[in-house]
Amino acid sequence: MKKEITIGICFVMAGILCACFFGYEYFTTYGFLNEYHMRSFADSDTELMTLLGNILWERGKLFVFLWILSYTPARKVIPLVLRCLICFTGGIFLAACMLNMGIAGFMFFLASWLPHGLIYLIVLYLMLRSDRHRYYAHSHPIGKRVAAILGLVIVFVFGCVVEATAGVWLMRRVILLIY
């Protein structure tokens, strides 16, 4: 556990350093986090069903890909690779937010990730930690396997709905507070 936390912290720091050294001009001048784009997002009126469909499609592709990979021998390294990628991209995004918005960028970073990010992490954890072989025993009929998959799909769709509703509302409030 201690080693995993240390690896996560190292990848967050690597992401922050990459954003600061290699992406400073992009994130501060040309990036999507500049004041013009943020105000445009806060002032826009996005249709809920269109946004939900886009979120389901974009997140769904990734989760289906990971679900298929979870049935392969690569299943052993997927949690470590995902943890490293999430920490690295989180570090890049945190640095980009703070480069553009100062200390208020940390609040923006949290608002962009919560509450739907926690739901997605729960789905990832349940998807990657479930033991596939025990479902093939005679004591676990196909009904239990289908119920487990259906439960994951329901939690995933709930995360998408939370992102499309509460996440967008929260982001708009935070942008209006910052700018």
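**Exercise 1: two cysteines**

Work out whether cysteine 84, at 14% relative accessibility, counts as buried or exposed.

*Solution.* Start with the cut-offs: buried means under 20% relative accessible area, exposed means over 50%, and partly exposed is in between, using a 1.4 Å probe and protein chains only. Cysteine 84 has 14%, so it counts as buried. Keep in mind that this is a predicted model, where local features need pLDDT of at least 70 and side-chain atom pairs count only at pLDDT 80 or more, while totals for chains, interfaces and linings use all residues. Residues are numbered from 1 along each chain as its sequence is written, and side-chain values use heavy atoms, with hydrogens and water left out.

Now find out how many disulfides the structure holds.

*Solution.* A disulfide is a pair of cysteine sulfur atoms within 2.5 Å. The count for this structure is zero. Take cysteine 84 as a check: its nearest cysteine sulfur belongs to cysteine 87 and is 6.9 Å away, and cysteine 84 is in no disulfide. Turn it around, and cysteine 87 is in no disulfide either, with the sulfur of cysteine 84 as its nearest, 6.9 Å away. Cysteine 87 has a relative accessible area of 18%, so it is buried.

**Exercise 2: the whole chain**

Describe the chain by its helices and strands, and by its overall span.

*Solution.* First, the rule: helices (H or I, at least four residues) and strands (E, at least two) are DSSP runs, numbered from the N terminus. By that rule the chain has nine helices and zero strands. Reading along the sequence gives you α-α-α-α-α-α-α-α-α. Next, the C-alpha trace spans about 60 × 40 × 20 Å along its principal axes. Of the 179 residues, 33% count as buried. Last step, contacts (heavy atoms within 4.5 Å): among those between residues at least 6 apart in sequence, 84% join residues at least 24 apart.

**Exercise 3: helix 7 against helix 9**

Classify how helix 7 and helix 9 lie relative to each other.

*Solution.* Two packed helices are described by the angle between their axes and the distance between the axes. Axes are lines fitted to C-alpha atoms, for helices over the stretch in contact, and angles run from 0 to 180 degrees between N-to-C directions. Here the angle is about 165 degrees and the axes are 8 Å apart. Angles under 35 degrees count as roughly parallel, over 145 as roughly antiparallel, 65 to 115 as roughly perpendicular and the rest as oblique. Helix 7 and helix 9 are therefore roughly antiparallel. Their crossing is left-handed; that label applies if the near helix is turned anticlockwise from the far one by less than a right angle, and right-handed if clockwise.

Who meets whom? On helix 7, the contact includes His116, Tyr120 and Leu126, and on helix 9, Phe156, Cys160 and Glu163 are among the partners. By class, the contact has eleven nonpolar, three polar and one charged residues. (Ala, Val, Leu, Ile, Met, Phe, Trp, Tyr, Cys and Pro count as nonpolar, Asp, Glu, Lys and Arg as charged, and the others, Gly among them, as polar.)

**Exercise 4: helix 4 against helix 9**

Do the same for helix 4 and helix 9, then look at glutamate 163.

*Solution.* The axes of helix 4 (residues 48-69) and helix 9 (residues 142-178) come within 10 Å and cross at roughly 140 degrees. These two helices are therefore oblique to each other, and the crossing is right-handed. The contact of helix 4 with helix 9 has 14 nonpolar, two polar and two charged residues. Glutamate 163 sits in helix 9 and counts as buried, at 9% relative accessibility. Leaving out residues up to four places away in sequence, glutamate 163 touches Ile55, Arg59, His116, Tyr120 and Val168.

**Exercise 5: a peptide bond to spot**

Is the peptide bond from leucine 114 to proline 115 cis or trans?

*Solution.* Most peptide bonds are trans. The bond from leucine 114 to proline 115 is cis, with omega near -5 degrees. To find the place, look at the loop between helix 6 (104-113) and helix 7 (116-129), where proline 115 lies.
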